[in-house]
Amino acid sequence: MDDTDRPLSSGAADALRGRWYDCLVGARGGDEGPDPLPYADNLLARWAEPQRRYHTTAHLTAVLDHVDTLAGHAADADAVRLAAWFHDAVYRPDRSENEERSAVLAERALPEAGVPDAVTAEVARLVRLTVSHDPADGDTNGEALCDADLAILAAPPKEYAEYAARVREEYGFVPGEAFREGRAAVLRQLLELPRLFRTPYGAAEWEARARHNLSTELELLTR
């Protein structure tokens with residue numbers, strides 16, 4: 001059993017609840033409003049669903065950590081953090097509408113939690129952006145979220161191999177040859193992009209290593 005198989009420890013869960021509390025209170029401009037913690041618990045339960053192998057609370061934590069690294073690039077870092085919480089809150093590997101359903105969940109939950117309409121709309125927009133990971137130039141919130149979500153591509157080789165294995169497990173219902181063809185197509189599409197990362201930090205720190213990882217995985221899949 002590795003770390004992604006273990007239930008979230010009470011300390012880790014409390015740390016994530018604290019991070020949720022801080023970004024929600026920041027997004028709504030103060031402590032006035034409904035208790036943030038029931039919303040955190042609902043989201044944490046979603047992120048711990050049994051069909052998840054990669055899109056787990058470990059992934060959520062990693063994306064939040066990367067958002068913290070890139071926060072200075074974002075126009076509204078709290079909105080980006082909320083979008084990180086919601087971006088895979090609805091996740092079924094056999095369905096294609098996960099991002100849309102996750103955005104709708106944000107549109108329903110955040111106003112109830114006291115978040116202003118404009119911030120809610122921005123969070124939902126950012127969640128929908130993770131379908132393409134293609135923010136417009138100057139969309140600093142979108143650039144920060146998409147780079148944070150894709151940062152796993154620049155992980156050290158062992159961690160990247162574990163990520164790739166987890167993705168395969170999530171798609172265990174797909175026959176081997178079909179998965180290899182589909183995954184290879186995704187890797188080629190990523191490698192054909194002029195740039196994977198849009199923030200200055202991502203471009204400098206993650207781009208080259210991510211391309212090496214993607215190329216290595218593609219070679220292993222197609223040899």
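Biologist: Into which classes do the residues of the lining of the largest pocket divide, and how many fall into each?

Modeller: In this model, which is predicted, the lining of the largest pocket is made up of 17 nonpolar, 10 polar and 8 charged residues. The lining comprises 35 residues, and those that lie nearest the centre of the pocket are Glu-99, Thr-130, Val-131, His-133 and Val-186. Valine counts as nonpolar and glutamate as charged, whereas threonine and histidine, being in neither list, count as polar.

Biologist: How much space lies in the largest pocket, and which elements give two or more residues to its lining?

Modeller: The space in the largest pocket comes to about 1,100 Å³. The elements that each give two or more residues to its lining are α5, α7 (140–150), α8 (157–170) and α9 (176–192), and the largest share, 7 residues, is contributed by α9.

Biologist: What makes His-133, one of the residues nearest the centre of that pocket, stand out in its phi?

Modeller: His-133, which sits in the loop between α6 and α7, has a positive phi of about 50° although it is not a glycine.

Biologist: How many helices and how many strands are there in the protein, and why can the protein be called as compact as a globular protein of its length?

Modeller: The protein has 11 helices and 0 strands. Its radius of gyration is 17 Å, and the globule rule also gives 17 Å for 223 residues, so the two values are close and the protein is as compact as a globular protein of that length. Along its principal axes, the C-alpha trace spans about 60 × 40 × 30 Å. Among contacts between residues at least 6 apart in sequence, 65% join residues that are at least 24 apart, and 46% of the 223 residues count as buried.

Biologist: Why is α4 described as largely enclosed by the rest of the structure?

Modeller: The reasoning rests on a count, in that 9 of the 10 residues of α4 are buried, so this helix is largely enclosed by the rest of the structure. Among those buried residues are Arg-81, Leu-82, Trp-85 and Phe-86, and the buried residues of α4 pack against α1 (10–28), α2 (37–47), α3 (57–70), α5, α6 (117–129) and α7.

Biologist: Why is His-87 called buried or exposed?

Modeller: The relative accessible area of His-87 is 1%, and the cut-off for buried is under 20%, so His-87 counts as buried. His-87 is found in the loop between α4 and α5.

Biologist: With which side chains does the side chain of His-87 make polar contacts?

Modeller: One polar contact, of 3.2 Å, joins the side chain of His-87 to that of His-59, and another, also given as 3.2 Å, joins it to the side chain of Asp-149. Each value can be set against the limit of within 3.5 Å for a polar contact. Beyond its neighbours within four places in sequence, His-87 is in contact with several residues, including Trp-47, Val-63, Ser-102 and Thr-130.

Biologist: Why does Tyr-91 count as buried or exposed, and what joins its side chain to that of Glu-170?

Modeller: Tyr-91 has a relative accessibility of 6%, and this value is set against a cut-off of under 20%, so Tyr-91 counts as buried. Tyr-91 lies in the loop between α4 (77–86) and α5 (98–112). The side chains of Tyr-91 and Glu-170 are joined by a polar contact of 2.8 Å, to be compared with the limit of within 3.5 Å.

Biologist: How do you know that Tyr-91 is in contact with Glu-49, and how many residues apart are the two along the chain?

Modeller: Contact requires heavy atoms within 4.5 Å, and Glu-49 is among the residues in contact with Tyr-91, as are Arg-52, His-55 and Tyr-171. Tyr-91 and Glu-49 are 42 residues apart along the chain, with their C-alpha atoms separated by 8.8 Å.

Biologist: Why is Leu-150 placed with the buried or the exposed residues, and which residues does it touch?

Modeller: Leu-150, which lies in helix α7, has a relative accessibility of 13%, and the cut-off is under 20%, so Leu-150 counts as buried. Not counting residues up to four places away in sequence, Leu-150 touches His-133, Leu-196 and Phe-197. The C-alpha atoms of Leu-150 and His-133 are separated by 8.4 Å, and the two residues are 17 apart along the chain.

How values were computed
Residues numbered from 1 in each chain as written. Predicted model: local features only at pLDDT ≥ 70, side-chain atom pairs only at ≥ 80, totals over all residues. Heavy atoms only, no water. Helix = DSSP H or I, 4+ residues; strand = E, 2+ residues; numbered from the N terminus. Buried < 20%, exposed > 50% of the residue type's maximum accessible area, 1.4 Å probe, protein only. Polar contact = N/O pair within 3.5 Å; in protein donor to acceptor, adjacent residues only side chain to side chain. 1 Å grid on protein atoms, 1.4 Å probe; cavity = no way out; pocket = protein on both sides within 12 Å on 5 of 7 lines; lining within 4 Å. Points joined across faces, edges and corners; volume = space filled by probe spheres on them. Rg over C-alpha atoms; globule rule 2.2 N^0.38 Å.
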